[in-house]
Structure formats: structure tokens, C-alpha cells
Amino acid sequence: MKDFIIPDRDFGTPAAKSKQMVTLTIDGFDVTVPEGTSIMRAAAEAGIQVPKLCATDSLEAFGSCRLCLVEIEGRNGTPASCTTPVAPGLKVHTQNAKLKQLRRGVMELYISDHPLDCLTCAANGDCELQDMAGAVGLRDVRYEAVETHFRAKNTSGEANPQWLPKDDSNPYFAYDPAKCIVCSRCVRACEEVQGTFALTIEGRGFDSRVSFGAKTDDALASDCVSCGACVQACPTATLTEKSIIEIGTPSHSVITTCAYCGVGCSFKAEMRGDELVRMTPYKHGKANRGHSCVKGRFAYGYASHKDRILNPMIRDSINDPWQEVSWPEAMEFAATKMKGIQAKYGRQSVGVITSSRCTNEEAYLVQKLTRAVFMNNNTDTCARVCHSPTGYGLGQTFGTSAGTQDFDSVEQTDVVVVIGANPTDGHPVFASRLKKRLRKGAKLIVIDPRRIDLVDGPHVKAAHHLPLRPGTNVAVVTALAHVIVTEGLMNEAFIRERCDWDEFQDYAEFVSQPQNSPEATELLTGVKADELRAAARLFATGGNGAIYYGLGVTEHSQGSTTVIGIANLAMLTGNIGRPGVGVNPLRGQNNVQGSCDMGSFPHELPGYRHVKNDAVRSVFEGMWGVTIDNEPGLRIPNMLDAAVEGTFKGLYCQGEDILQSDPDTKHVAAGLAAMECVIVHDLFLNETANYAHVFFPGSSFLEKDGTFTNAERRINRVRKVMAPRNGYADWEVTQLFAQAMGANWTYTHPSQIMDEIAILTPSFAGVSYEKLEEMGSVQWPCNEKAPEGTPLMHIDGFVRGKGKFIRTEYVATDEKTGPRFPLLLTTGRILSQYNVGAQTRRTANVVWHDEDVLEIHPHDAEVRGVKDGDWVRLASRSGDTSLRAKITDRVSPGVVYTTFHHPDTQANVITTDFSDWATNCPEYKVTAVQVSPSNGPTEWQEDYNAQAAHSRRILAAE
Amino acid sequence: MLDSADTTDRISEILEAHSGLEGPLLPILHAVQEAFGHVPQAAVPQIAKALNLSKAEVHGVVTFYHDFREAPAGRHVLKLCRAEACQAMGADRVAGAVKAALGIDWHETTPDGRVTLEPVFCLGLCACGPAAMVDGRLVGRCDEGIVAEVAK
């Protein structure tokens, strides 16, 4: 393990962005800084630390602590250096007799109302108040405090009304008002960085206190989303991680990348020995810029949860209990089974599923396993069920299967369109950056069936919310294009220069047809025509327009068509190829982009190159020393269908729970049950493992080296901070299995795997661990043409040459409401839980969400006699389940909504087998359902739980 | 006492009446206090939502101003100035006498709900200290007799 020297000194105030440079003199040294820089920051850049308490460089200067006073020659008084900007020729003194005396006086006042229990304080050694007391030479406090905030009782034993007890309601951090110096850093962090405005200063003067929410709230009951920004900003022990209180301060830290969503935040894993003390957002992380959410910041406890399986296990039948075995025995067992299956049923009878949660190197090895060891192309990935239409749609129109921007781009956006995404819950750190931009005046258009938090919240209000009926994305997107084209709002110069004019004319003719007008589609989509027209005009004429979309776009039978429609909108308005614009898929999992890049799809070798392409195959064949099958292999749904038919018998599934996350659970279960060898490689006995014969225990992201690629194509390093508790990192397990199958793989470090990827894949040609070490992260394509990577794509021309307009004919899904199933179910996720919840359910995050609930409109609830909190039965033509109802007008009448975080609910029993026409991405977002009152779990749920319990038995060690 | 539905409706009316105003939070809070005699806790989230603010922000503003009350005051409000000029003229003595006469301390209301006693820092009547304010009416050179004044 390596201890990195981290350049994360606090400069006091944020960096100024001006290009105009200013030179001044501080303590006799000349300093040159950008115009608008504070004197405090200029001094810090020259290596001179001005004492401070209320300033930190993640927040705008506030000037309340009066500790950072300086003297400027020719100016009166002693201004605060944090709020005073530099000016040419200033002569600043940060230290002299007068300043020393002033600072010491200020510090005496602070300390007169602060407990002196430093030795037993959680912030001991990590306290700015302590540091500043040292810095100003505080030796004595002349004031005897009569009234204080920190003594629970006065000298005669009476309760002190000014004393407030510690607020321990949040599971991850404590708020101890007794230690507060009211510097407002937490309040400002919540406002400026996170944008939730959950904190305030209540009262005034001596009565000023930090308050979560309103009077009756505590931290948990307030609007607080537990992002940790306030804890990060607090200079004292007032807001402290409970892990610090319990363990103590960390001794060293390692920079790594969060393993939750596709934002890919950089974190410092702060360690003591090999114990993880806390995760703190890394301020030089280019995706998150020092911010975090509750999952990455706090919800890492699953890695040490008691449910985690640490020994390999095998069994002959899924009805047997598991038997713990050694690694060699497990490998032998698995390899014998797989070889036997291939001998009996043929080369094509086995396959693999790569994981979007594992590293690039691991995904690469798993697809290599099937292509070079199993000798077929039966590889697929969980991206199949989320962003495969993105790959197809953007590949067709722009020529590359990825988002066009980096996250920094949002700072220059004027009009943001969010379609089928709920960033405040799914991609919270991006949402905070977006909200920051919205507070500075950018306009927002939300296209979503549900009134998501971005539509209306503190200091954020969407200019237009188009609450479309689920399944009508294409009609809405095409209607937006109709307005832009028929009202002549398109950017003709851009289209003529960058796109194919003939294809545009064809597309323009198509969208101009009257059936694509908002008035014509209103009945279908439920979106008011005038609102849609206004939104289209705003997007076309409002300046830099950026589109961010999520699974609400892709997980439809016309998912690929909607992605194409979105690309068309961006091309029509010329919003491609510069900062502040673009088309940006918000990726669900940490490495969806990477697992797709690594050739996880059955028809594509790494770098999105088709297996039918002889030239491409020969490059891989040369390196791997095998002959690669030239026929695309099976997709996940095909694998399951083939399994039910009896031709697909063996599966190696790494880090994905297809039983819970894939649609039509009963079909998935039938497919898995029909296989002869299912190998599950995971941290936990997940739902899929109920049907597995071999279980390889996995390693968490803290226990291995590798890289993740986030939604902005950024390749971030994952670094090992502790030894794998299961014995091997996941890439080693795959290698052991390949070796047991007869392969001659001899990787000793993931960097060697990345080197192989770089040789084989043109867009990764310049990527190496040395470069990542040096640059921190790099955005692909990274090669001779772009040695530093590519933050913005399609700057001078599209990757495919000319941008391609494609007609987007709306075809209604076959999943229709009718008398039996009159409501439309759409699914999503919430902030505190992640995906199928395997990780977050095993953390204290359950205090925010301990079960899936069904959101239903009051009208729909009323006619069904359903009250808030009632058990309801949710049924579709696929199956039924029960859960509790939550009555809310966030959803429109006719639409119900739930999450899929809990296996007890198994929302995917309900979802159907309809899927995207181009990519088979399942149609999770539209299912016709009926809701009726119920007494509790359905028979299916009880059977399922019984089967799961039966299947999870592990034989006691003899 | 109004029930919660009435409160919500009344606050909605107030919010509606101020909808065109720029910087409407303080006028709304004044109107709410006018209507209810205090700012009910239930009003905080409702006002926050209407103004695109968080409830914490509204709470911060309400608590910043001492004149916004959490609970209704007594029928009469007696404010005694505690600032320097009035202290020099014996305000502390007057305050002690008033407290004794009413049997309550600062910020308290007599058990019969008749008088609420509050300290205030400068009424701008320094030339006529000790100064007081009875239900919004200024009284100069006051003494213990101010209690009787309130009772009138």
C-alpha cells in the first residue's frame, strides 16, 4: 500500500477564474494571481497562511470570524483578507504587533465559550480552532464566561438553558452544539455546495445556533440528505463522523474512486492501519470537485458486513446446502463442470456476464474468458438492461457510444433539459453541480412523468415540466423537434457545416408532418401543447443547451429511438462540440461506460468494434493466440431463452444480480434453474446465487487496484487500501478460473491488463497507470491525437464524419393499459439506496428507506379504497407482488411509481419481457398494472422467500 | 384556536395576496403574525414551499427577528427599554418593580394572559428615559406605575 502525498492544502477562498493577472506584495514578497483572488488566497499561494476560521476554499468568503485581518499600506483599518480582493501594487502585511494583538483578542473570545476538553475531543489533532489557538499564541483567556453554550449545568447545578444536547439522529454524523463556534461554514456548504438549504442559523447575537430545518426538526427529520458537505466544512468537532468518534483520527489516506453511481467521484479513503476510518471527497477529483453524496461518503459499511461471504462454496444441486471449500477445490469443481457442459452441449452452451460494478480490467478479463477460453462470444453485461440504447443511438448519430461532455461543462450551460432522469436521487453530486448552475440563472426543462425534486425545490424551479405519460418519450422529443423546425428555430449554419444536409431535409420533412405537432400528440402524451412549444423555444433560443438523460429514456421499447431523437435535438440547435452543451447520458452504475468500452457486448470487441470485422479480430487473435468466433454471441435475454429451451447450460456471472435486476423475474428464475452450472461471483449470496452451483466470493472496491470509467468517459483509478478479505481480488479470481479452464494467463497486476487494453484498443492507446498517476484521471479517447484525453467530443466534426439525422417514428409500446391493467407503472430509485440494494441495504442507509413503496395519485387511490400506508397488491400480466402505498400527487393520475431496491418486493416480478427494438434493453419504465388493497405479501413473495432461505443454507464446517 | 385546515387556508390566502411582491418573506411573516398573533410552526414549510425556499431558511428569518412570535402574546404587550440611556435613568429599577408587580420574568406572560413582558433595546426615546412601549404606544419617563397603565 502506498501513502500518497496529497496537495489539498486549504487556500481559504475559491480560485478566481479571471485571465487578468494582478501583482501585489504580501509581507515583502511579490505575488501574482488572477484578478478577483482574495488576499487570503494570494497569501496562501505564496506560502503564507493567514489565520482563519470561517473561510475554506470550497465556499465563498464570508468574513465573520475576524481572525484573518491584515493591514494594507495606505488603507484604513484592518480588513479581513478573505473578503478583500487583490489589487495591483497593494502592500499587505499579514503579521505585526497590532494584528497579533487583535487576533489573540478574537481568539480569547472564541475560547471563552468553548469547552477545553481537547484531549478527549473527537477532533483532537484535526481541529482548526485548536490550530488557530496555536497560531495566534493564545496563552490565557482573560474573560470569565458567566453564560456559556457548553456547560450543561451552571455552578449551582441548575440546567443551562443555552446548552443543547448532542443530535445523534443521523446514523453517520453527530451534531454537538456545545462545540460550535457559529462560523456558518456548515450552513454555507449546505447551500453553496450541496444546494439543499437544510441548515440555517437560528436566532441572533449570542443566541445564534446552527439549526437543522425548522424548530421541531433534528438532523434526520430535516431536509438534510446526509451528503457530508457540512461535516467536511466544519472546523471543529461540532459536526463529526461517528466513525471518527468511535475509532479516532486516520493516519494516512489513499485516493480512490467511489463504486456507486456513474458520476465517479474521487475520494480519499482515510485509514488507520488497514481499518477504513472514513471516506472524504477528494477536492481535486475532476468529476466531483470535492463534493460527495450519502452513498459514497458514508455507505461503505457493506464491505465489512457480516453477510459477506469470504470462502468459495460449491454444491451439486441448488436444493443442496452450500459447502465451503478451498479456492483450488472451487476452481477445479467449476472448471470440470464447464468443460463437461461444453463437451456435452457444444461450445456455445456457456457464457459470461460482466459487471458494471467491477473494474475495467475485470470486465475485460471476463469477456476475454468467454472469447479466448470458452471460444464463443456469449458475453453480455448489466448495461444491457440500462444504457445499451445509448450506445446504439449515439453511435448511429454521432459515431461514438458515449456522452459528449465533462461534468465541468454544466457550469457554462444556459438551458438544461433533464429527460427521464432524477439526478438528485440517482446522481446526487452531479445534481448539486447542476443546481449550483441553476441558482446562477440557467433555465431548466424537466421531461418526466413524475414531479422530481428538481422541478420545484429550494432555489430551483423548472421553467417547464412536461409530465408525459410513460412510454411516449419519442412522441414528446419529436414534437419538440417539430416546433424547432416549423418555427425556423434550428441552427442552419451548424447543420449545413456539421451534418448531412440531405438527411436533415428528410428528417425536417418528417418532423414537420402535422401528426408530430404538439397539438396532435397532446392526447397521446398528456403534455400540454403550449407548454411543450414554450419549452422547445426556450431550448432552441436560450443559449448553450445541454441535454442530460437517464434510464427513463433508455428502458423503453423505443429507447434507442428516443436517444436518436435527443441527438437530433442537439444537432438541430447546434448544441454539440463546445463547453456548456451536448448530450449526456447519466450512467447508473460506476462502470457502465467502462464495461461497455471493454467489449462486454456479444457483438463487439473492446472499443466498440464488431466481431465480424476480420481486421479487428486478427489484432486480438495475434495478442491472445486464439481464433475468435466471428459470430456475435448471446445477449442476456437470449441466454435465458436458450437456457429454458435447453441449449444454454453454464454461466459465469460476475457482480450482477440478474434475478433481481432483470425484468420478468419468473422467466429469469426459470432460465437459471434450467442451467447445470451457474457460477456467481459476488460479495453476497445475492438473489441469483439462489440458483447457483458455484460461489466465488468477490472483493470490494477497497480491496483491489483497477480503473472505473464514469459517465463523462473519465478513467479514474481505484486503489487498493486493504487486502482482499476473501483472499483474491476479482481479476485474480477470473484469472484462476481461466487457468483452471486451461488458459495460460499470467497477469500479476491490473496495470498489465490495462497495458494490453491500450495496445488493442485505439481509443485507449495512450492510457497507462503511469499516465493516470501523473494526471489523476483521463477522458478517452486518449491516444496520439489526444495524449491528454478528450474532455469534449465532436469539437470540429463528428467522430463518424457528418452528424446523422434519423427519423424517429413513434410506435406505441405493446404494453398497453386496458380494463384489467388500467394503470402504468414506472420504476426508479431513491437517494439513499443503490440499484438492487445489495450494498446500501447493508448499511445504515436503511433509516431513510427500509422498504419499497408504491407512489399512487390520490384520485387513483380513492377509487380503489387505498389509504396512505396500506398494503396493496400490484399486478401485471407477468406477476404480482405486494407493497405499501404512498399517496402523493408527484405522480400523475393513471401512473404509479416504485423503486426496486428490496428483494422482498421484487418489483421486477411485475415488469414484462418487452424490450428495446435495437438493443433488447428491457422496458422497465412502462408496465400496465392494477392496484388493489391487500393484506400483506403475496403467495409468490412467500414462496420466493422460502426458496431463498432454503437455497442460502451453508453447511457447518466439520 | 384554529384547526390545522383553517391555518393552511388562511396562510394560503396570505401567500396569494403577496404573490406579486418582490422580496415577499418579511411582509408575509408580518401578515401571518397579524392574522394569528404569532407565526405558527405549520406556516414555516408552507411559506417555504410557496417561495422556493427551504424550511430552514424561513426558520432562520423568523428566529432572527424577536418580534416574530412562536406563541401568541398576552392581551397586552409591555416592552421596557434596557439600553444604556434608559438604564442611566433607572430602567433596571423600573424593570425589577414591574416584574415583581406582574409576577413574571422577561418574555413571560401573566397566568391570566393579560400581559406579556419583553425587553427591548432602544426605542429611540433616549431623551425621555426610562422608555417603554405599551401595545405599540410609546411611553416616556415611565416608572412602576406603567403596570397600571397597561391594566387600563
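Let me start with handedness: a helix crossing is called right-handed if the near helix is turned clockwise from the far one by less than a right angle, and left-handed if the turn is anticlockwise. Keep that in mind, it comes back.

Okay, so what you have in front of you is a predicted model. On confidence for the complex, the predictor reports an ipTM of 0.89 along with a pTM of 0.91. Chain A has a mean pLDDT of 91, with 99% of its residues at 70 or more. Don't read much into residues 1–6 of chain A, though: pLDDT is below 50 there, and this stretch makes nine contacts in the model beyond near neighbours in sequence. For chain B the mean pLDDT is 90, and 96% of the residues get to 70 or more.

Chain A, then. How is chain A divided into domains? Domain 1 runs 21–135, domain 2 is 173–304, domain 3 comes in pieces, 313–386 + 592–779, domain 4 is 388–585, and domain 5 covers 823–951. Take domain 1 and domain 2 of chain A: their C-alpha centres are 24 Å apart. Each gives 20 residues to the contact. On the domain 1 side, that's twelve nonpolar residues, five polar and three charged.

Now some helix packing, still in chain A. The usual way to describe two packed helices is by the angle between the axes and the distance between them. So look at helix 10, residues 388–397, and helix 19, residues 559–572: their axes come within 8 Å and cross at roughly 40°. An angle of roughly 40° is not under 35 degrees, so we don't call the pair roughly parallel; helix 10 of chain A is oblique to helix 19 of chain A. And here's the handedness again: helix 10 of chain A goes past helix 19 of chain A with a right-handed crossing.

Who's touching whom? Helix 10 of chain A brings A:P389, A:T390, A:Y392, A:G393, A:L394, A:Q396 and A:T397, and these meet A:G559, A:S560, A:V563, A:I564 and A:A567 of helix 19. By class that contact holds six nonpolar and six polar residues, and no charged ones.

Second pair in chain A: helix 13, residues 473–486, against helix 17, residues 529–541, with axes 9 Å apart and an angle of about 65°. That angle puts helix 13 of chain A roughly perpendicular to helix 17 of chain A. The crossing of helix 13 and helix 17 of chain A is right-handed. From helix 13 of chain A you get A:V476, A:A479, A:L480, A:V483 and A:I484; from helix 17 of chain A, it's A:L532, A:R533, A:A535, A:A536, A:R537 and A:A540. The class count here is nine nonpolar, no polar and two charged residues.

On to chain B. The C-alpha trace of chain B spans about 50 × 30 × 25 Å along its principal axes. Chain B has seven helices and four strands, in the order α-α-α-α-β-α-α-β-β-β-α. Domain 1 of chain B is 4–64 and domain 2 is 76–151, with 30 Å between their C-alpha centres.

Where does chain B touch chain A? Twelve residues of chain B contact 18 residues of chain A. Helix 4 of chain B, residues 55–64, supplies the largest share of the chain B side, with seven residues. That chain B side splits into four nonpolar, six polar and two charged.

Helix 4 of chain B also packs inside its own chain. Helix 3 of chain B, residues 43–50, and helix 4 of chain B have axes within 8 Å, crossing at roughly 115°, and the crossing is right-handed. B:V44, B:P45, B:I47 and B:A48 of helix 3 meet B:K55, B:E57, B:V58, B:H59 and B:V62 of helix 4. By class: six nonpolar, one polar, two charged.

Last, some backbone oddities. Most peptide bonds are trans, and most residues other than glycine have a negative phi. But A:W780 to A:P781 is cis, omega near 0°, and A:P781 sits in the loop between strand 30 and strand 31 of chain A. Chain B has a cis bond joining B:G129 and B:P130, omega about -10°, with B:P130 in the loop between strand 2 and strand 3 of chain B. And A:N920 has a positive phi, near 70°, in the loop between strand 35 and strand 36 of chain A.

That's it from me.

Definitions and conventions. Residues are numbered from 1 along each chain as its sequence is written. Chains are lettered from A and ligands numbered from 1 in the order in which they are written. This is a predicted model: local features need pLDDT of at least 70, side-chain atom pairs count only at pLDDT 80 or more; totals for chains, interfaces and linings use all residues. pLDDT is the predictor's confidence in each residue, from 0 to 100. Two residues are in contact if their C-beta atoms, placed from the backbone, lie within 7 Å. Axes are lines fitted to C-alpha atoms, for helices over the stretch in contact, and angles run from 0 to 180 degrees between N-to-C directions. Helices (H or I, at least four residues) and strands (E, at least two) are DSSP runs, numbered from the N terminus. Angles under 35 degrees count as roughly parallel, over 145 as roughly antiparallel, 65 to 115 as roughly perpendicular and the rest as oblique. Ala, Val, Leu, Ile, Met, Phe, Trp, Tyr, Cys and Pro count as nonpolar, Asp, Glu, Lys and Arg as charged, and the others, Gly among them, as polar. Domain bounds come from an automatic or database domain assignment.
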